[in-house]
Amino acid sequence: MSGSFTHDFNGAEAQQNAFEVIPAGTLVKVRLTIRPGGVGPEGWVTQSRTSDAQYLNTEAVILEGPHTKRRIYTRIGLRGKGAQGADDAYGNRGRSLIRGILESARGIASKDASDRARAARTIRGYGDLNGMEFLARVGVEKDKTDPRDEGRNVIAAAIGPEHADYARLMGAAPAATQPMLPGPTTPAIGGTAPPWAAAQPAQPPAAAGNAPFWAR
């Protein structure tokens with residue numbers, strides 16, 4: 001039985017664009033989402049099924065430009081299989097990427113060692129990364145065992161304010177990013193401020209405004 005309405009798919013993304021790999025090195029503004037894996041105090045961490053490695057299972061949505069709405073899936077390593085500390089290359093790469101994301105999202109130069117910058121690189125938990133917007137360099141990851149594999153896109157790096165295109169692609173100055181914690185750990189409205197927002201002494205409302213100190 002035919003319906004009395006139509007389904008218009010003219011606005012849908014063409015298939016060749018939907019599945020084409022974005023060229024490596026492309027800079028895009030993205031919003032990060034973490035898919036909770038149920039591991040850790042907040043439940044954000046995912047445990048590998050084949051080893052003791054742990055990671056953040058992330059999805060980055062491109063916000064602007066010719067690749068708008070495309071999604072990039074990246075595993076941010078937290079702990080490698082077997083290795084620990086300085087020998088944990090997988091975990092160390094993940095920590096470096098998280099630092100880059102914080103610097104990009106909060107407009108902090110990588111060489112900035114001020115108290116303001118150090119506070120901006122501090123988070124209360126992995127949930128603080130959920131919803132962050134930053135400038136990313138796209139990479140292409142291929143299956144080394146399959147020479148025919150065209151690869152898939154990943155976040156290769158987060159780009160900070162030192163880059164010549166940062167201001168143009170990021171647009172407005174970084175805004176405060178509120179942590180989004182899953183389940184019962186979600187803080188109540190008006191709860192404790194994150195360390196980078198609480199590091200400054202209290203100021204009169206007219207002077208303090210709504211922006212955290214690292215964004216002023």
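A contact here means heavy atoms within 4.5 Å. The model in these exercises is predicted.

**Exercise 1. Place Ile-98 in the fold.**

Task: State which element holds Ile-98, whether Ile-98 is buried or exposed, and which residues Ile-98 is in contact with beyond four places in sequence.

Solution.
Step 1. Find the element: Ile-98 belongs to helix H2, which spans residues 89-106.
Step 2. Apply the cut-off: buried means under 20% relative accessible area. Ile-98 has 9%, so this residue is buried.
Step 3. List the partners. With neighbours within four places in sequence set aside, Ile-98 is in contact with Leu-56, Ile-76, Leu-78, Tyr-126 and Leu-129.
Step 4. Add a distance along and across the chain. Ala-158 is 60 residues away from Ile-98 along the chain, yet 8.3 Å separates their C-alpha atoms.

**Exercise 2. Compare two residues of strand S4.**

Task: Thr-74 and Arg-75 both lie in strand S4. Decide for each whether the residue is buried or exposed, and list its contacts.

Solution.
Step 1. Strand S4 covers residues 71-79.
Step 2. Thr-74 has 7% relative accessibility, which is under the 20% cut-off, and therefore counts as buried.
Step 3. Arg-75 has 53%; exposed means over 50%, so Arg-75 counts as exposed.
Step 4. Leaving out neighbours within four places, the contacts of Thr-74 are Leu-56, Asn-57, Thr-58, Val-154 and Ile-155. For Ile-155 there is a further detail: its backbone nitrogen is reached by the side chain of Thr-74 at 2.8 Å.
Step 5. On the same basis, Arg-75 touches Tyr-55, Leu-56, Asn-57 and Tyr-90. Leu-56 and Asn-57 appear in both contact lists.
Step 6. Gln-54 is 21 residues from Arg-75 in sequence, and their C-alpha atoms are 9.3 Å apart.

**Exercise 3. Describe the largest pocket.**

Task: Give the volume of the largest pocket, the residues nearest its centre and the make-up of its lining.

Solution.
Step 1. The volume is about 580 Å³.
Step 2. The lining has 24 residues, and those nearest the centre are Arg-75, Gly-77, Tyr-90, Arg-93 and Glu-141.
Step 3. Two or more lining residues come from each of S4, helix H2 and strand S6 (152-159). H2 gives the largest share, five residues.
Step 4. Sorted by class, the lining holds ten nonpolar, seven polar and seven charged residues.
Step 5. Link this to Exercise 2. Arg-75, one of the residues nearest the pocket centre, touches Tyr-90, which is also on that list.

**Exercise 4. Examine two loop residues.**

Task: Locate Ser-48 and Lys-69, and decide whether each is buried or exposed.

Solution.
Step 1. Ser-48 sits in the loop between strand S2 (46-47) and S3; Lys-69 sits in the loop between strand S3 (54-62) and strand S4.
Step 2. Ser-48 is buried because its relative accessible area is 15%, under the 20% limit.
Step 3. Lys-69 counts as exposed because its relative accessibility is 64%, over the 50% limit.
Step 4. A polar atom of the Ser-48 side chain lies 3.4 Å from the backbone nitrogen of Ser-51. Residues up to four places away aside, Ser-48 touches Ala-53 and Tyr-55.
Step 5. For Lys-69, check the backbone: phi is near 80 degrees, a positive value in a residue that is not glycine.

**Exercise 5. Place Arg-118.**

Task: Name the helix that holds Arg-118 and say whether the residue is buried or exposed.

Solution.
Step 1. Arg-118 is in helix H3, residues 115-120.
Step 2. A relative accessible area of 56% is over the 50% cut-off, so Arg-118 is exposed.
Step 3. Glu-103 is 15 residues away in sequence, with a C-alpha to C-alpha distance of 9.9 Å from Arg-118.

**Exercise 6. Summarise the chain and its confidence.**

Task: Which elements make up the chain, and where is the pLDDT below 50?

Solution.
Step 1. The chain has six helices and six strands. From the N terminus the order is α-β-β-β-β-α-α-β-β-α-α-α.
Step 2. Of its 216 residues, 37% count as buried.
Step 3. Among contacts between residues at least 6 apart in sequence, 59% join residues at least 24 apart.
Step 4. The mean pLDDT is 81, and 73% of the residues reach 70 or more. Residues 176-209 have pLDDT below 50; in the model this stretch has 41 contacts beyond near neighbours in sequence.

Key. Residues numbered from 1 in each chain as written. Heavy atoms only, no water. Buried < 20%, exposed > 50% of the residue type's maximum accessible area, 1.4 Å probe, protein only. 1 Å grid on protein atoms, 1.4 Å probe; cavity = no way out; pocket = protein on both sides within 12 Å on 5 of 7 lines; lining within 4 Å. Points joined across faces, edges and corners; volume = space filled by probe spheres on them. Nonpolar A, V, L, I, M, F, W, Y, C, P; charged D, E, K, R; others polar. pLDDT = per-residue confidence, 0-100. Polar contact = N/O pair within 3.5 Å; in protein donor to acceptor, adjacent residues only side chain to side chain.
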